[in-house]
Every structure is written in structure tokens, then in C-alpha cells.
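Dear colleague,

I am handing over the structure we spoke about, and my notes on what was found in it follow below. Please read them with the coordinates open beside you.

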Amino acid sequence: MNATVQTDLHDINVVHVSSTPNPGYTRFDVSRRGTVGLGNPYAMKSEADRDYVIDRFRQTLWFNWIHGAFMTPEHDSLIQILYAARRGPVELACYCAPKRCHADIIKHCIVWMNAQELYSE
């Protein structure tokens, strides 16, 4: 028996952790200090490092996914965010926003996961 997979996603916004949560949105703190476990392990030493550390995060995320090394709490967190975005709007909070941020990569990953139609609740 095949389960029907819901593929409609609500808004996923990347916001600064100090911003006021939007009513009706589920917020996930994806910062390095956050409880979700999706903080970028690559630290910036200066603003010049921003693109490098975000690109490294993206490479690591996709490498782990492709090689099956992502069956971890981080994988569970991505699925949790995916399910939340199917139920209602979501905010991914990090200290970098509104600048380019690894949360943008997480957002793209969630959209990609949803398009694969692999996960049903």
C-alpha cells in the first residue's frame, strides 16, 4: 500500500534569531547555539569567510545525504522542519540573517526533500 505524500509547502523564511516570531509560524533555531542541531560547524573568522563557510556547509550537507551518512539527529531535524512546513509556515532563525546564511541552504534542502516525495507523516 502506497502512502500519499503531501507535497505542498507553506512559506519558509530565514530570519534573525532576535526578530520577533511571526504569529502562526513555527520557528526553528538553526544557529550554532540552536537546539535543532543544524548549526553551521564551519566558523567565520571574518566577513570575508562568509561564502566559504556557507559553501562548505552546503557541500557537507549534500555529501552526507548522497553517501547515506545523514541518518543522524540532523537528518531527523530536517524531516521535522519538512513536516512543519507542510502543516504551516516556518521560520529558520540564525544570527546571520538577513545576510547570506547556511539557513538558506537548509531551506533549499527542505524544498528539495519535499520535491522528492519521499517522506510521508
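Valine 111 has a relative accessible area of 41%, and because the partly exposed class runs between 20% and 50%, this residue is counted as partly exposed. Please bear in mind throughout that this is a predicted model. Valine 111 is found in helix H3, and once its neighbours within four places in sequence are left aside, valine 111 is in contact with Leu9 and Ile12. Valine 30, by comparison of positions, is 81 residues away from valine 111 in sequence, and their C-alpha atoms are 16 Å apart in space.

Helix H3, which covers residues 102–116, also holds tryptophan 112. A search of the whole structure turned up one aromatic pair, and this pair is formed by tryptophan 62 and tryptophan 112 in an edge-to-face arrangement, with 5.2 Å from centre to centre and 85° between the planes. Because tryptophan 62 lies in helix H1 (residues 50–66) and tryptophan 112 in helix H3, the pair ties together parts that are 50 residues apart in sequence. Tryptophan 62 counts as partly exposed, at 22% relative accessibility, and tryptophan 112 likewise counts as partly exposed, at 31%.

Leading into H3 is a loop that follows strand E3 (90–94), and proline 98 is found in that loop. The peptide bond that joins alanine 97 and proline 98 is cis, with an omega of about 10°. Tyrosine 95 has arginine 33 lying over its face, at 5.1 Å from the ring centre.

Tyr95 appears again among the contacts of valine 17, which, not counting residues up to four places away in sequence, touches Arg27, Asp29, Ser31, Ala93, Cys94 and Tyr95. Valine 17 itself lies in the loop between strand E1 (12–16) and strand E2 (26–29). The C-alpha atoms of valine 17 and phenylalanine 28, which are 11 residues apart along the chain, are separated by 9.4 Å.

Lastly, the pocket: about 220 Å³ of space lies in the largest one. This pocket is lined by 15 residues, of which Arg32, Asn40, Met44, Cys94 and Cys96 are the closest to its centre. Helix H1 gives the most to the lining, with three residues, and the lining as a whole divides into nine nonpolar, three polar and three charged residues.

With best regards

How values were computed
Residues numbered from 1 in each chain as written. Predicted model: local features only at pLDDT ≥ 70, side-chain atom pairs only at ≥ 80, totals over all residues. Heavy atoms only, no water. Helix = DSSP H or I, 4+ residues; strand = E, 2+ residues; numbered from the N terminus. Contact = heavy atoms within 4.5 Å. Phe/Tyr/Trp six-rings, centres within 6.5 Å; stacked < 30°, edge-to-face > 60°. Buried < 20%, exposed > 50% of the residue type's maximum accessible area, 1.4 Å probe, protein only. Lys NZ or Arg CZ within 6 Å of the ring centre and 35° of its normal. 1 Å grid on protein atoms, 1.4 Å probe; cavity = no way out; pocket = protein on both sides within 12 Å on 5 of 7 lines; lining within 4 Å. Points joined across faces, edges and corners; volume = space filled by probe spheres on them. Nonpolar A, V, L, I, M, F, W, Y, C, P; charged D, E, K, R; others polar.
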